[in-house]
Amino acid sequence: MSTVSIVRCSDYDRSRVFQSVHEALDAIGGISEYVKRGQKVLLKPNMLSAKAPKRGITTHPVVLEAMVREVQQAGGIVWIGDSPSGALKGVKRCWENTGFLEVAEKTNSKLINFEAEGSRVREKNGRKYHIAKAVLEADVVINLPKFKTHGFTLYTGAIKNLYGTLPGFQKASYHKKLPQPHKFSQVLVDIYSLVKARLHVMDGILGMEGNGPATGDLREVKLLLASKDGVALDAVASAIMGFKTGEVDAVRLAEAEGLGEAKLEQIKIPQGNIADYAIPDFHLPSNRLMKFVPSFLVKWVGRFLWVRPKVDDSKCTGCAICANGCPVSAIEMINKHPVMDYSKCINCLCCNESCPEEAVYQELSWLARRIS
Ligand code: SF4
Ligand code: SF4
């Protein structure tokens, strides 16, 4: 049986978060269960792109700091790293805007540039993954995902957060090779199994509903979740959102491989039951509806029911980050303006995630607006 600890935390007040993180860890054995003195511990937050904490897109720096302090109290040496969208254009701006740089400076932790420090190859299911060297060299990896929906994979949590352990353009290339969400989710599961994070602590204080992970709607969820089983944590967090068991591909596939527990009745919550935390009116992504359409009708229904990326010209600065990162070259810069070719677009949302100005949003068809 797996255990997922859930603690309520109303906001990002520093002492409240520190106390809540400590309580969440205490219920699963305390930090000393996971970190021993002298170990190199890589903290992997969600640093999706260069966004400020109040946008609710990235792991909040106070949650990161609370975890740094926990690890340091256990005698661990802290590294912090991720490979955000647009990292190749300079990861420093991401560190600054997310507040991670300030956390590293005041706690004397080391920020790791996955792009600059190289990678090592690991194989899984016949695929080669170049995983950041620091991830493989750390004695312990601690995963710090965010509680958010995702318009492509429906949900993003512990399993998907580890996709950021792949530096550089590989991330986009897997979108191109495996454009269907269930096939792409197998890649997420491969990486989850290779990284072997020992502990997962989710920032669910300010979550995101609707069409996440970058331009969804903020939702005060007021929860922190912790588990050594990331599959169980994702099963619980996605159930709190309202997804049905087995609906999130990565969770279902990971359980099928024996990487963790996804059966809710087999997951212990020391503080109560999932029903105590469920959010019945939580908005799920509009693309979810396509999953209920029989395969022979998908093409026909897709003409009326769709969600696609669109650029808000009033916010766009013409930086071309979206065009450079599109895995299928569906974006052409014309007169410093990104123009999307929807016949090529695979709806991976890389442009939505990487745009530093939040100028790429998810446009819904008339039918999607009516029924989502
Ligand atoms: S949409 Fe965003 S990423 Fe693309 S060119 Fe405009 S500002 Fe840059
Ligand atoms: S246009 Fe955006 S959503 Fe479509 S394939 Fe390119 S990056 Fe992905």
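In the predicted model, Leu154 is buried, with a relative accessible area of 4%. This residue belongs to strand E10, and the strand itself spans residues 154–156. The backbone of Leu154 is notable for its phi angle, which is positive at about 75° although the residue is not a glycine. A second residue other than glycine with a positive phi is Asn125, for which the angle is near 50°. Asn125 is located in the loop that joins strand E6 (119–124) to E7. Its relative accessibility is 47%, a value that counts as partly exposed. Leu154 and Asn125 thus share the sign of phi, whereas Leu154 is buried and Asn125 is partly exposed. For Leu154, the assignment follows from the cut-off, because buried means under 20% relative accessible area and the value for this residue is 4%.

A further backbone feature is found at Pro213. The peptide bond that leads from Gly212 to Pro213 is cis, and its omega is near 15°. Pro213 is placed in the loop between strand E11 (199–209) and E12.

Attention may next be turned to the nonpolar interior. The largest nonpolar core contains 60 residues. Within this core, the residues that touch the most other members are Ile6, Phe147, Leu225, Val236 and Ile240. Several elements each supply at least two residues of the core, among them strand E7 (127–132), helix H6 (133–137), strand E10 (154–156) and helix H7 (158–161). Helix H9 (181–195), strand E12 (217–227), helix H10 (230–241) and helix H11 (249–256) likewise each supply at least two. The largest share comes from H10, with 9 residues.

Individual positions illustrate how burial and separation along the chain may be described. Leu43, in strand E3 (residues 40–45), is buried, with a relative accessible area of 0%. The C-alpha atoms of Leu43 and Ala197 are 9.6 Å apart in space, while the two residues are 154 residues apart in sequence. Ala66 is part of helix H2 (residues 61–73), and its relative accessibility of 3% counts as buried. Between the C-alpha atoms of Ala66 and Glu23 there is a separation of 11 Å, and these residues are 43 residues apart along the chain. Glu257 lies in the loop between H11 and strand E13 (267–268). With a relative accessibility of 33%, Glu257 counts as partly exposed. Glu257 and Pro338 are 81 residues apart in sequence, and their C-alpha atoms are 41 Å apart in space.

The enclosed spaces of the model were then examined. Rolling a probe the size of a water molecule over the atoms shows where empty space is left. A search of the whole structure finds 3 cavities of 30 Å³ or more. The largest cavity has a volume of about 100 Å³. It is lined by 15 residues, and those closest to its centre are Pro309, Cys326, Ile331, Cys345 and Cys351. By class, this lining comprises 13 nonpolar residues, 1 polar residue and 1 charged residue. The second largest cavity holds about 80 Å³ of space. Its lining also consists of 15 residues, of which Cys316, Cys319, Cys322, Pro338 and Cys355 are the closest to its centre. In this lining, 12 residues are nonpolar, 2 are polar and 1 is charged.

Both of these cavities are associated with ligands. The space taken by ligand 2 is the largest cavity. The residues that surround ligand 2 are Pro309, Cys326, Pro327, Val328, Ile331, Cys345, Ile346, Asn347, Cys348, Leu349, Cys350 and Cys351. The shell around ligand 2 has 11 nonpolar residues, 1 polar residue and no charged residues. Asn347 is the polar member of this shell, because the nonpolar class does not include Asn. Ligand 1 sits in the second largest cavity. It is surrounded by 13 residues, and Cys316, Cys319, Ala320, Cys322 and Cys355 are the closest. The shell around ligand 1 divides into 10 nonpolar, 2 polar and 1 charged. A charged residue is therefore present in the shell around ligand 1, while the shell around ligand 2 has none.

Methods: Residues numbered from 1 in each chain as written. Chains lettered and ligands numbered in written order. Predicted model: local features only at pLDDT ≥ 70, side-chain atom pairs only at ≥ 80, totals over all residues. Heavy atoms only, no water. Near = heavy atom within 4 Å. 1 Å grid on protein atoms, 1.4 Å probe; cavity = no way out; pocket = protein on both sides within 12 Å on 5 of 7 lines; lining within 4 Å. Sits in = over half its atoms within 2 Å of the grid points. Points joined across faces, edges and corners; volume = space filled by probe spheres on them. Core = buried A, V, L, I, M, F, W, Y, C linked by side-chain atoms within 4.5 Å. Buried < 20%, exposed > 50% of the residue type's maximum accessible area, 1.4 Å probe, protein only. Helix = DSSP H or I, 4+ residues; strand = E, 2+ residues; numbered from the N terminus.
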